[in-house]
Each structure stands twice: as C-alpha cells, then as structure tokens.
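Subject: Structure handover

Hello,

Here is the structure I promised you. Please open it next to this email and follow along. My notes come right after it.

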Amino acid sequence: MTNMIKTFSGFLLLTLALGFTAGCSERPPASAIASAHPLATQAGMEILDKGGNAFDAAVAVTAALGVVEPYASGLGGGGFYLLHQARSKDGDDKQVMLDAREKAPLAAHRDMYLGDDGEVIAGASLVGPLAAGVPGIPAAIDHLARNYGKLPLSISLAPAIRLARQGFKVDRSYRRYINFRLRAIQQDPQTAEIFLKWGAVPPAGTTIVQQDLASTLEIIAQKGRAGFYGGDIARKLVDGVRAAGGIWTLDDLKQYRVIERQPIIGEYRGTRIISAAPPSSGGVAIMTMLNMLNTRAQDDVTKLSSVARAHLIIEAMRRTYRDRAEFLGDTDFVAVPVKRLTSMQHARQLRDSIDSGINGGINGGKATPSSELNSNELIDAKTSTGAGNNTSHFSILDSQGNRVAATLSINYPFGASFVPKGTGVLLNDEMDDFSARPGTPNAYGLIGDDANAIEPGKRPLSSMSPTFLENDRGIAILGTSGGSRIISMVLLAILEFHEGGDAASMVSKPRFHHQYLPDRVFYEPESFSDAEQAALQAMGHTLQKVANGSHYGNMQAVVWDKKTDRITAASDKRGIGQAEVKEN
C-alpha cells in the first residue's frame, strides 16, 4: 500500500492508492477534519487521537472555535449539527439534525424593535443584550457527549479550556472583524477588556486570554448543561443581561432544549441530498432549487452553455429566496409547507415561469424582474445584502464512518458585542434574524413575513445549511459561513460534487448569488468572463461584483470517494482554516 500526503496552502489532500474498486470497505481509510481555524482542527484531531469519535471531536471543535473565533461562534450562540451515526444502537445508520438554534426570550414580543412611529429602531436588534437570543451551543455539546460521544466532556473540552487559559494569537481575520464592530465593542467594558488592546484593535500577534470563559468551560465540563443553564453561571448571565437592558430570565435558560429533527432529504439526478430542516431555510431552499434544475431533461446544467447554466441557476435562486421570504419559519410555531415547497410539482410550476428562451437560454432567455414575483408586498427599496463571513462551519469524518457537518453562529461579527460580567460568554445578536417587521430587511438584506415574526420561545429563521451528499461515487460533508449567501454557495458546491469534484474544487468554486431582493446578481471576480457578463446583462440581469473585487464565504468540506477509497479534505482558501486527514 502506498500512502501519499500532499499539503497545499488552503487544504490537505490524502490519496490512498489501495487498489480498491467500487466494492471497497464500508469504513473510510482515514479520518478527516476541516474547520475554519487551525487551532480548532488540531483540537478535534487531538480528541480523535485520544479515542474519541466524530461526535467527541465535534464537541472539541465547537468549543475551540468559540475561543479562537469569537467573531463567528461561541457558547453565547447557536447552530445546527447534521449527524450521521454509523451503525447506531438500532443496528442501522442514523441521520439526524440537532437544532441548537437560539430562542427568543419569554418576554420577547412581535414589535420589540419598533419605535412609537412603527419603524424599526436602528441597531436595536444588533447591539447589546436586548439583541440576544437564549444560546444553544452549551446544550448542544452536552447532548452530543451524552447521546453520541464516547468520551466525557472533561476530556473533549480540555483543548478549548487550554486555549482560553493560555490564549491565542490575533490574526488577520480577528483584526478584520473586530475593526468592523469596534464601536459596538467599545460600548461594553467587559467586552472591550477581553477583546481589545488599550481600547483599540489589537496588533497582529497579540495574545488574547479569556480566563472567565475558561472557568465557564470548566464548569460545563464538570456539570454538563446544568453548569450553564443553572447555578452560578446562569445567575451571572441573567443579572448581567438585565442590568444592561436585556429581558432574559432564569426560566429562559432553564427551559432551553436542543431538539432532534429529521433532516430534509431529497435527490438530484442520482445524488442524495441530506440537509438542514427548519428553522433553517437551507434544506428546503436547496431542494427547491435542485428540483427546478431537474424538472426537464434539457435542463441538465452539465450540458448547457455557461451563460444558459448561470441564467437558469440565478432564476432558480430568485424564486427560491422569494419562497423563503414568505413561507419559512420555526415549524414549532408556524405551519411551513415543507412537502409542497420541496415537491417536484412546485418545482415544475416555478420552472415554467422561467424564460429560458430557445435551446435552453442560448437565444432570447430573459431575467424575471423580482417585482413581478412580489405577490405579498414584501419589497423594501432599502434592501441590501451582506456576505456574513462571521458564521463558522466544520466537517468531520471518523474511522468508523461517523460524520458531522456543523454550522455555528453568533450572527453579526462579535454578536451583540456584550459579555455578562464574570462569564466570559460573548452573546449573540440572532434576534436580528427574525422579521422585526414584514418586508423590512435584516442585516443581510433578507426579508421575511409573519412566518418569521418574533414570538416568545421561537427560534429565528436561519440560512445555515450543513449538508451531506451521497451517490454511487461516495459521500461529501460540507457547509459554509456566508450569511444570506450560504444557501447559494452550498448549491454550487453540490453541483460541483455531482459533476465529479473533490473537496478542494468544491470549496474553491467561484461564487454567484441572487436572493430575490435586492434584484441583483452578486458575484466573485472569477465567476463570469467579460463575454458572459455581457450576455447575462443582455438577458436583463443586473450584475454587481462583490465589494472591492473581494471574495466571500468560508467553506469546509470532506469527500470520501468510495470507488477509489480516496479521501480529500479542504478548508476554503478565502479563510484561514485548516483541513487534516489522518490514515486509520
């Protein structure tokens, strides 16, 4: 057997020339982790080396990311975990989604961010403890350890505790995001003391130490969820929140629970899709778009010209995001027509409204103005869009074939920019993901209707889309940050995998995005040639290159090609993450 490991700048690729054909073993030849930060990837690998499985490693990576990426995730936030448990207790493989999304406090109400004039109060849902939903991450790591892991939390949380106590070095991503939220962070003395240097952006290489966070993690390691949602930590959280104008109570924390949900499962031309269910809009939206691309034989995007392909995908995105705005929300509170939205009948109706011209759009295809799809007065002229790289994702495959795809967030960079004294817990500002008022965009330009209105105990709609892919070739584990653009990024990565791509090609694919409103196609510089841009504009598309010719997203992927028993893992070159593959 010949083993060959090649390290590239943004990813690590392991090729195992084992001579297997399509009938290779059901256990992967290697374990793999791809995460948005090298220290988090190393924490996960450390736990695998200690005998932990993918779920133990997920605990370690989650906690470590919360220490070294405070701008993206943490104990004060939430997320979705997509799990594949190989040979579960009932003898079969199990696939489940852990919903660790934040919840609105029990004192929250529909109009809590509106002024006396009925207008949304600027910044009220983004800065300070009133913007914070009740966190889900501490409950998630306890649930993972108790129900799926092999190791106690005292072992799985040890790397994160060490990182918090000893500190980590400030890098370019940290400086970029803290500069973006500097004014908000300066408003809270606790937050400023932890994350700034003399009240300003810390120089590169500065060590950030978080002693209070380390102590909180140690209590969770000893007591599990009870150490966070009850006792001294809970009292400090509530006292700090209420003293600064928030509305949390001890009952909010006591009542929080992780929910196990059935993922959204569908099929696209022989590739099985397993993705996040509501309150994520990801799985529903992804299947709606893929179904539109699968209603007609002539819509096979592998056989279309580059312009016809882009036009069809853009129009599918436009209609899907329009559905998202009207129908999607927390299914524990509203009736979301999931079956209808993910049905082929619905896809055919949407596809029939797309003008693809002659020969699949080569001649005469036209863009549909979003205003023509606006049947519910959702348009707001002030709608804008943001890339939202401040969320985090990781993908894990272990030696037994267990998998985790997890997307975590505190929403805007550095969340609400508020840390209750004595906890070290940076709170989220996920309340901004609710519809503060129908038709009014949130920080990412996404609009919503009554389905995503604020209610006590409700979970806000999300774009986070951890996803598994399965076909005759093998499996993929993927997800990304990117705010409103997460769903479109995952769609493009799915198409890349379906067409034979490995982890590296999936995460490096040039990206474009349409979210219904604003009525623009946002694209990375490499997405379209000059000729393709001209052709799309002639079809009526308004194109907008992302700000300053930059890039967006931070995808993490693991691919197991079962036909060759080849595993690839890649961390997006747009970020600072790291992928590691280790032979079993």
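**What I found**

Start with strand E19, residues 566-571. Of its 6 residues, 5 are buried, so the strand is largely enclosed by the rest of the structure. Keep in mind that this is a predicted model.

Which way does E19 pair with strand E18? The two run antiparallel, and 6 bridges link them. E18 covers residues 556-561. For one pair to find on screen, take Ala557: its bridge partner in E19 is Ala570. The two strands form a hairpin, with 4 residues between them. Look at Asp565 in this hairpin. Its phi is positive, near 50 degrees.

Next, helix H17. It spans residues 486-498, which makes 13 residues. From first C-alpha to last, H17 reaches 18 Å. That is close to the 18 Å expected at 1.5 Å a residue.

Is H17 enclosed or open to the outside? Count the buried residues: 12 of 13, so the helix is largely enclosed by the rest of the structure. Buried here means under 20% relative accessible area. Among the buried residues are Ile486, Ile487, Met489, Val490, Leu491 and Leu492. Ser488 and Glu496 are on that list too. After H17 comes Gly500, and its phi is positive, near 105 degrees.

One point helps when you look at any α-helix. There are 3.6 residues a turn, so residues three or four places apart point the same way.

Now the small set of strands E15, E16 and E17. These 3 strands make an open sheet, in the order E15-E16-E17, and the pairing is mixed. Which strands sit at the edges? They are E15 (512-513) and E17 (543-545), each pairing on one side only. E15 pairs with E16, residues 521-523, in the antiparallel sense over 2 bridges. Within this sheet, Phe512 stands opposite Tyr523 of E16.

Last, the whole protein chain. How many helices and strands does it have? The count is 19 helices and 20 strands. The chain has 584 residues, and 65% of them are buried. Its exposed surface is about 20500 Å², with carbon and sulfur atoms supplying 49%. Now take the contacts between residues at least 6 apart in sequence. Of these, 73% join residues at least 24 apart.

A good place to begin is the hairpin of E18 and E19. Then move on to H17 and its buried residues.

Best wishes

Terms used: Residues are numbered from 1 along each chain as its sequence is written. This is a predicted model: local features need pLDDT of at least 70, side-chain atom pairs count only at pLDDT 80 or more; totals for chains, interfaces and linings use all residues. Side-chain values use heavy atoms; hydrogens and water are left out. Two strands pair if DSSP finds at least two bridges between them. The expected span of a helix is 1.5 Å times one less than its number of residues. Buried means under 20% relative accessible area, exposed over 50%, partly exposed in between (1.4 Å probe, protein chains only). Contact means heavy atoms within 4.5 Å. Accessible areas come from the Shrake-Rupley method with a 1.4 Å probe; for residues, only the protein chains shown count as cover.
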